[in-house]
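Open your viewer and get ready to click through a protein chain with me. We will go stop by stop, selecting a few residues each time and looking at what is there.

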Amino acid sequence: MRTDILILAAVAALGLAGCGRHPFEPASRADSPPTRCLPARPPPLPAPSTGGMALIEGGTFAMGAKPMRREEGPERATRVGSFWIDRTDVTNADFARFVKATGYVTLAERPLDPKAYPGLSGDQLKPSAIVFVGSSEPPGTDPGQWWRVVPGADWRHPQGPGSTIDGKDDLPVVQVAWQDAAAYARWLGRDLPTEAEWEYAARGGKLGARFVWGDQANVWQGVFPSIDTGADGFRMQASPVGCFPANGYGLYDMAGDVWQWTRDWYRPNLAPDASPEGPPEPMAVDPGDPGQRQHVIKGGSFLCSPNYCYRYRPAAREAGPPDTGENHIGFRTVLRVGGLKGWGDTPNL
């Protein structure tokens with residue numbers, strides 16, 4: 001297995017804070033979850049094509065929240081320019097086309113560099129990723145209760161070597177690290193959204209609302225991490241893109257289903273005078289894992305529950321582990337009106 005630091009980073013992506021009232025009413029139970037919820041989607045094409053994307057007109061909004069979580073504030077007036085954003089998360093089929101065209105190998109499919117992990121050797125350096133396995137025990141302080149580092153887990157095998165994405169083209173691709181998501185975006189001449197862009201888009205035009213996705217989303221119903229009733233139709237698993245109503249901008253799954261990578265580096269709290277593009281890399285820090293600089297993830301996932309997580313709000317934010325995949329983190333891309341900028345300082349692409 002990898003180091004404890006990586007497992008702790010995984011649980012940080014869920015958040016350890018308690019939750020308030022669950023905002024979503026359960027949908028009807030599905031005995032056989034669907035593998036497709038939207039009509040066949042045309043494959044994404046390189047910029048300047050905007051097929052499958054929604055145009056978000058720029059504007060100024062109150063980014064962050066008060067007093068929900070300390071790291072989500074203070075609220076600040078933030079302006080974003082106009083941009084296009086994917087209506088859905090990037091799917092398995094989308095990512096497969098990228099891999100076929102480029103031969104790209106994700107981080108989870110690569111062995112660890114022994115120079116970067118001097119305390120590991122042998123099997124510990126083999127390709128692996130983090131997988132949610134559940135637990136019969138109530139949430140505690142040990143993330144090893146419900147997470148495992150699984151050798152052979154990757155985007156084609158999200159739960160490990162015995163799993164597959166065959167017949168699951170429309171599910172969001174997972175087990176992709178930040179670097180993998182950035183490589184896909186760059187292949188299309190696009191970018192990952194900044195945290196400000198993502199939050200502005202997630203609000204769906206209802207800039208003062210705490211919850212903006214209607215009354216349904218793929219989240220955990222029951223007591224995490226032991227019982228998910230699957231009342232929304234999906235038990236302990238991601239749903240195909242577009243199974244729940246879109247927000248006011250026509251964007252699907254901006255709450256729950258899978259967390260989504262943003263371009264921004266993570267540090268607690270929003271600096272009142274910070275750039276709308278987030279802090280520079282040298283200022284990135286996660287107090288829960290100070291040895292690694294991490295990126296912001298947004299939106300929560302199918303593992304967010306009322307008794308454990310409260311991260312399916314636009315203002316909610318967490319740090320995502322930069323060097324590994326997880327089976328509840330995906331992404332979507334943006335194309336800014338006026339063109340791409342800033343990729344020159346993006347590391348490791």
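**Stop 1: the cores**

Start by selecting Phe-95, Leu-192, Trp-261 and Phe-331, which touch the most other members of the largest nonpolar core, a set of 24 residues. A nonpolar core here is a set of buried Ala, Val, Leu, Ile, Met, Phe, Trp, Tyr and Cys residues joined through side-chain atoms within 4.5 Å. Buried means under 20% relative accessible area, exposed means over 50%, and partly exposed is in between (1.4 Å probe, protein chains only).

Before going on, two notes about what you have open. This is a predicted model, in which local features need pLDDT of at least 70 and side-chain atom pairs count only at pLDDT 80 or more, while totals for chains, interfaces and linings use all residues. Residues are numbered from 1 along each chain as its sequence is written, and side-chain values use heavy atoms, with hydrogens and water left out.

Which elements supply at least two residues each to this largest core? Among them are helix H2 (92-102), helix H3 (178-187) and strand E9. Helices (H or I, at least four residues) and strands (E, at least two) are DSSP runs, numbered from the N terminus. Colour H3 now: six residues of this core come from H3, the largest share. Apart from this core lies another one, of 19 residues; to find it, select Trp-146, Ala-217, Tyr-308 and Cys-309, which are among its members.

**Stop 2: strand E9 and its sheet**

Next, select residues 259-265, which make up strand E9. How many of its seven residues are buried? Seven of the seven are, so to speak, under cover.

Turn the strand to look at each face. Trp-259, Trp-261, Arg-263 and Trp-265 are on one side, Gln-260, Thr-262 and Asp-264 are on the other, and all of them are buried.

Now bring in the neighbours. Two strands pair if DSSP finds at least two bridges between them. Strand E10 (residues 295-298) runs antiparallel to E9 and is joined to E9 by three bridges. Click on Trp-265 and then on His-295, its bridge partner in E10. Strand E12 (residues 329-330) runs parallel to E9, with two bridges between them. Here you can select Gln-260 and find Gly-330 of E12 standing opposite.

Zoom out to see the open sheet of four strands, in the order E11-E10-E9-E12, with mixed pairing. Its edge strands are E11 (318-320) and E12, each of which pairs on one side only.

**Stop 3: the disulfide**

A disulfide is a covalent bond between the sulfur atoms of two cysteines. The structure holds one, counted as a pair of cysteine sulfur atoms within 2.5 Å. Select Cys-37 and Cys-243 to see this disulfide, with sulfur atoms 1.9 Å apart. Why does the pair tie together parts that are 206 residues apart in sequence? Cys-37 lies in the loop between helix H1 (4-12) and strand E1 (53-56), while Cys-243 lies in the loop between strand E8 (227-228) and E9.

Look along the S-S bond of Cys-37 and Cys-243: the torsion is about 75°, so the disulfide is right-handed. Cys-37 counts as partly exposed, at 30% relative accessibility.

**Stop 4: salt bridges**

Side chains of opposite charge can pair when their charged atoms come close. A salt bridge here is a side-chain nitrogen of Lys or Arg within 4 Å of a carboxyl oxygen of Asp or Glu. The structure holds 16 salt bridges, and we will visit a few.

Go back to H2 and select Arg-97 and Asp-94, whose side chains meet in a salt bridge (2.6 Å, N to O). These two are three residues apart in H2, which means that about one helical turn separates them. Is each partner buried or partly exposed? Arg-97 is partly exposed, with a relative accessible area of 33%, whereas Asp-94 is buried, at 2%.

Then select Glu-197 and Arg-336, which form a salt bridge at 2.7 Å, N to O. This pair links distant parts of the chain: Glu-197 is in helix H4 (residues 195-202) and Arg-336 is in strand E13 (residues 334-336), 139 residues apart. Both Glu-197 and Arg-336 are buried.

For a third pair, select Glu-281 and Arg-293, with a salt bridge of 3.6 Å, N to O. Both sit in the loop between E9 and E10, 12 residues apart. Glu-281 counts as partly exposed at 29% relative accessibility, and Arg-293 counts as partly exposed at 41%.

To finish, select Glu-195, Glu-199, Arg-203, Lys-298 and Arg-317 together: salt bridges that share partners join them into one network.
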